Amino acid sequence: MKTVSAFRRHPAWWKSGLLALSLLSCTEKSKSSAPTPLPPTPTPPAVNEEPRDFNQYTELRWSDEFDGGTLDQTKWTYEQGGGGWGNNELQNYTNLPDNAFLSGGNLVIQARRQQSGNNAYTSARLITKGKQSFRYGRIDVRAKVPKGKGVWPAIWMLGADIDQNNWPKCGEIDIMELRGSRPKELISTMHFGNSTADHRYKGTTKVLTDDLSDDFHVFTVVRSKDLLRFYLDGQQYYTFTGADASPFPFNNPFFVILNVAVGGNFDGNPDASTVFPQQMQVDYVRHYEYK
């Protein structure tokens, strides 16, 4: 299965190196005055690291129901910019109400044919980075996705340590991606590797009888130690284990991303058949754990 380029929709600042930290010199002390080192603090067991049945994840730990009048910016950040996002995409992501708004209890991410700087389209990309990260447990996203040549909706996650361990070392979990020209194909992919030159991925394409764009669906990933399970409307269709990736960054905290891209290497660019505006409607995002 062909996926996107090795730069995987990330802005240039994520691919930049970290600044070197200057070290303060300290006065050498005699051995007799050196403090006795403390033993390392034991690492507590991770919550929910053992896998359980889908229906045992009943404890709601975090959610956004999108029932307010405006986006809750204590939970989400607008990630902005154009420049192709490493994949020759055509949209400029904005924080404008034309591109992301709440309506009828849903978050609406709207891609528009609208000139913005050098970009012929506008859209929105929302992230929980720096506000909420998730480790083990079940993530449910109930959404209705758009379709059309060159339209690329995605529900996905990136490692919360991306500023310290650049992509793909931080890991990427694509819960749902859709080529707009193939609306019956649900794509789920994990990306990993030590560097962009070492980028690797593994996933699946689930072919459905009906267009995903016809109705709302619940897209789910259940994360346990060395194990990820993927579900559509509560039905499991893919399993990814610790044996499928080395290194395996998927035991770390990740943050959530919701976006609609336009054009690029994944599904090509819109053509005369593509209608705009295009919307991804998100009813809720929920994180569950078991007791």
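Let's start on the surface, where Asp210, Asp214, Asp215 and Asp233 gather in a patch of negative charge. Bear in mind as you look around that this is a predicted model. Two members of the patch are worth placing. Asp214 sits in the loop between β12 and β13, the latter covering 217-224. Asp233 belongs to another stretch, the loop between β14 (227-232) and β15. Asp233 also has a backbone quirk: its phi is near 50°, a positive value in a residue other than glycine. How accessible is Asp233? Its relative accessibility is 40%, so Asp233 counts as partly exposed.

Now for the sheet. Seven strands make up an open sheet with antiparallel pairing, and the order to trace is β2-β7-β16-β9-β10-β11-β12. The edges belong to β2 (77-78) and β12 (200-207); each has a single partner strand, so one side of each is left without a neighbour in the sheet.

Move inward to β9, residues 151-159. Strand β9 runs antiparallel to β16 (residues 254-262), and nine bridges join the two. To find the register, pick out Trp152, which stands opposite Ala261 in β16. Then look at Gly159, whose bridge partner in β16 is Phe254. On the β10 side, five bridges join β9 to β10, again antiparallel. Here Trp156 is a handy marker, with Asp174 as its bridge partner in β10.

How many of the residues in β9 are buried? Nine of its nine are, so the strand is mostly covered. In a regular strand the side chains alternate between the two faces of the sheet. You can follow that along β9: Val151, Pro153, Ile155, Met157 and Gly159 point one way, while Trp152, Ala154, Trp156 and Leu158 point the other way. Both sets are buried. That puts Trp152, the residue opposite Ala261, and Trp156, the partner of Asp174, in the set that points the other way from Val151.

Time to visit the loops. Follow the chain from β9 towards β10 (172-177), and the loop between them holds Pro168. A cis peptide bond joins Trp167 to Pro168, with omega at about 10°. There is another cis bond between Ser246 and Pro247, where omega is about 0°. Pro247 has its place in the loop between β15 (235-241) and β16.

A further loop, the one between β2 and β3 (91-93), contains Trp85. Like Asp233, Trp85 has a positive phi although it is not a glycine, in this case about 55°. Is Trp85 buried or exposed? It is buried, because its relative accessible area is 3%, and buried means under 20%.

That loop between β2 and β3 also brings us to the salt bridges, of which a search of the whole structure finds eleven. One of them pairs Glu79 with Arg125, with the closest N and O atoms 2.9 Å apart. This pair links distant parts of the chain: Glu79 is in the loop between β2 and β3, Arg125 is in strand β7 (residues 125-127), and 46 residues separate them. Both Glu79 and Arg125 are buried.

Other bridges involve residues with some accessibility. Arg200 forms a salt bridge with Asp198, and their closest N and O atoms are 2.9 Å apart. Arg200 counts as partly exposed because its relative accessibility is 30%. Asp198 is partly exposed too, with a relative accessible area of 24%. The side chains of Glu185 and Arg182 also meet in a salt bridge, at 3.9 Å from N to O. Of these two, Glu185 is partly exposed with a relative accessible area of 22%, and Arg182 counts as partly exposed at 42% relative accessibility. Finally, look for Lys147, Lys184 and Asp211, which are linked in a network of salt bridges.

Note on methods
Residues numbered from 1 in each chain as written. Predicted model: local features only at pLDDT ≥ 70, side-chain atom pairs only at ≥ 80, totals over all residues. Heavy atoms only, no water. Pairing = 2+ DSSP bridges. Helix = DSSP H or I, 4+ residues; strand = E, 2+ residues; numbered from the N terminus. Patch = residues over 30% accessible without salt bridge, like charges linked within 9 Å, V, L, I, M, F, W, Y side chains within 5 Å. Areas by Shrake-Rupley, 256 points an atom, 1.4 Å probe, with all protein chains shown as cover. Salt bridge = Lys/Arg side-chain N within 4 Å of Asp/Glu carboxyl O. Lys, Arg positive; Asp, Glu negative; His and termini not counted. Charge placed at Lys NZ, Arg CZ, Asp CG, Glu CD. Buried < 20%, exposed > 50% of the residue type's maximum accessible area, 1.4 Å probe, protein only.
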